[in-house]
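User: I'd like a close look at one part of this model, the surroundings of a single tyrosine. Could you start there and then work outwards to the cores and the empty spaces?

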Amino acid sequence: LVPNYLFADVAKKTNAYIAAHPDKKVIKLGIGDVTLPLAPVVVEAMKKGAEDLAHKETFKGYPDYEGYEFLRQAISDYYKSFGVAVGADEIFVSDGAKSDCGNIGDIFSKDNIVLVTDPVYPVYVDSNIMAGREIVYATSNEANGFAALPDENVKADIIYLCSPNNPTGSAYNAEQLKAWVDYALKNDAIILYDSAYEAFITEDLPRSIFAIEGARKCAIEMCSLSKTAGFTGTRCGYTVIPKELERDGHNIYATWYRRQATKFNGVSWPVQCAAAAVFSEEGQKQIKENISYYQENARIIASALDELGIYYTGGKNSPYIWLKCPNNMGSWEFFDLLLNEANVVGTPGEGFGENGAGYFRLTSFGDRENTIEAVERIKKVLTNLSK
Ligand code: PLP
């Protein structure tokens, strides 16, 4: 396990610049955290949940390991709203997708070969290095629109897919996901599908791996309310395991239940109340306003890149924009250029894997005014560069 210097180095360089140029306004378009507050109905539900804990009659102790039934039912109904059948009894409520992505390895033996697409959300790689597993990489690049597809010659037992993808913003269509499902079924592999950004999908693309035929026999899905509803600090997510999913005579739902009962004591009552409010009619309306705000930021960034003729993926079905550094610059070279000339901070792509070298990630989680200002500055610097 090697130290990840990327985010520390970004912070170090940014802070040094700010210290040396206190008069400059530096805009951060590298942040992966949300900036808009929780929706009002969510806050009300959380307050009411907290109040329940103040009275003997409504007090709650340890929650169910898999989450309260009312929340699991609300999540199941949410899946139904986009045409996917997932039972409330197939859902585990958790404190977020990072924990579930990192912990799910507990139920798989060490000798399983793990496949990740590169560039990759680092949690999949680091958690499996910690577990001592071998990792193989599927290449995401310009040729496949930064959405890697399976290679029949590669053997893998556990496959992490993330769509819409962090960091590349690419999103698989149904045909591409079917290729992964067919590969998993053929290889007796299990897909760990991270759908943390499904709420950002605007085109006619699958919102869940379970929209794909055969997925119930080879996939687990993890999702999160972090980006969907601003729960990055509140902490709530969910994992779906079809009841019929089995490997080597083990039922995967039952095995994960056993793992959770051993190492996890559930999500607090106020947070589960707040999470259920996200799935109410009013909750959906309110969170969609916030998502639209970020989507518009993404559109603003993407249309500037269109104007400049710069290759990028994402921006449409994702809060991330993954762009090719102009003039064949390296990721850090481009980082320095944007910081020094435009006073804008992004994330060098090489921090997400080998195939990220020469690419750069911008995010749409900032506020509108700053996003517009940052984009204008970037346009100016890059236009001068090409003169
Ligand atoms: N999965 C992906 C792909 C992410 O980008 C993130 C957060 O950035 C997470 C999971 C973490 O989600 P959570 O906040 O629910 O732990």
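Analyst: Let's start with Tyr 79, which counts as buried because its relative accessible area is 2%, under the 20% cut-off. Keep in mind that this is a predicted model. Tyr 79 sits in helix α3, which covers residues 69-81. Look back along the chain to Tyr 68: the two tyrosines are eleven residues apart, and their C-alpha atoms are separated by 17 Å. Setting aside residues up to four places away in sequence, Tyr 79 touches Val 84, Val 86, Ser 208, Glu 221, Tyr 238 and Val 240.

Two of those partners, Ser 208 and Glu 221, deserve a stop of their own. Ser 208 lies in the loop between β6 (190-194) and β7 (219-224). Its relative accessible area is 0%, so Ser 208 is buried as well. What does the side chain of Ser 208 reach at 2.9 Å? That would be the backbone nitrogen of Phe 210. The Ser 208 side chain also makes a polar contact of 3.0 Å with the side chain of Glu 221. Leaving out residues up to four places away, the contacts of Ser 208 are Tyr 79, Phe 82, Val 84, Tyr 193 and Glu 221. Put the two lists side by side and you'll find Val 84 and Glu 221 in contact with Tyr 79 and with Ser 208.

Tyr 238, another partner of Tyr 79, takes us to the largest nonpolar core. That core has 62 residues, and Tyr 238 is among the members that touch the most others, along with Ile 159, Trp 180, Ile 191, Ile 209, Phe 231 and Phe 279. Helix α9 (residues 269-278) gives the most to this core, with six residues. For a sense of how one of these members is surrounded, take Trp 180: beyond its neighbours within four places in sequence, its contacts are Leu 115, Thr 117, Ala 138, Ala 148, Leu 149, Pro 150, Ile 159, Leu 161, Tyr 172 and Ile 191. There's also a second, separate core of 32 residues, which includes Cys 325, Met 329, Leu 337 and Val 375.

Val 375 turns up again when we get to the empty spaces: it lines the second largest cavity, together with Ile 301, Ala 304, Leu 305, Leu 308, Leu 362, Ile 378 and Lys 379. This cavity has a volume of about 50 Å³. By class, its lining splits into seven nonpolar residues, no polar ones and one charged. Helices α10 (281-308) and α12 (368-385) each supply at least two of the lining residues, and α10 gives the most, with four.

The structure holds three cavities of 30 Å³ or more, and the largest has a volume of about 70 Å³. Of its 13 lining residues, Phe 146, Ala 147, Asn 165, Ser 170 and Tyr 172 are the closest to the centre. Here the lining is seven nonpolar, six polar and no charged residues. Tyr 172 is one you've met already, as a contact of Trp 180. Phe 146 has something of its own to show: a positive phi of about 55°, although it is not a glycine. You'll find Phe 146 in the loop between β4 (135-139) and β5, and it is buried, with a relative accessible area of 1%.

Now for the largest pocket, which has a volume of about 870 Å³. It is lined by 36 residues, of which Gly 32, Lys 98, Tyr 121, Asn 166 and Lys 227 are the closest to its centre. Helices α1 (6-20), α4 (97-103), α5 (122-130) and α7 (226-229) each supply at least two residues of the lining. The largest share, six residues, comes from α5. The class count is 16 nonpolar, twelve polar and eight charged residues.

Last, two peptide bonds to check on your screen. Asp 118 and Pro 119 are joined by a cis peptide bond, with omega about 10°; Pro 119 is in the loop between β3 (114-118) and α5. The bond from Ser 163 to Pro 164 is cis too, with omega near -10°. Pro 164 belongs to the loop between β5 (158-162) and α6 (174-187).

Methods:
Residues are numbered from 1 along each chain as its sequence is written. This is a predicted model: local features need pLDDT of at least 70, side-chain atom pairs count only at pLDDT 80 or more; totals for chains, interfaces and linings use all residues. Side-chain values use heavy atoms; hydrogens and water are left out. Buried means under 20% relative accessible area, exposed over 50%, partly exposed in between (1.4 Å probe, protein chains only). A polar contact is a pair of N or O atoms within 3.5 Å; within protein, one must be able to donate a hydrogen and the other to accept it, and residues adjacent in sequence count only if both atoms are side-chain atoms. Contact means heavy atoms within 4.5 Å. A nonpolar core is a set of buried Ala, Val, Leu, Ile, Met, Phe, Trp, Tyr and Cys residues joined through side-chain atoms within 4.5 Å. On a 1 Å grid over the protein atoms alone, a cavity is a set of points where a 1.4 Å probe fits but cannot get out, and a pocket is an open set with protein on both sides within 12 Å along at least five of seven lines; lining residues have an atom within 4 Å of a point. Grid points are joined across faces, edges and corners, and a volume is the space filled by probe spheres set on the points. Ala, Val, Leu, Ile, Met, Phe, Trp, Tyr, Cys and Pro count as nonpolar, Asp, Glu, Lys and Arg as charged, and the others, Gly among them, as polar.
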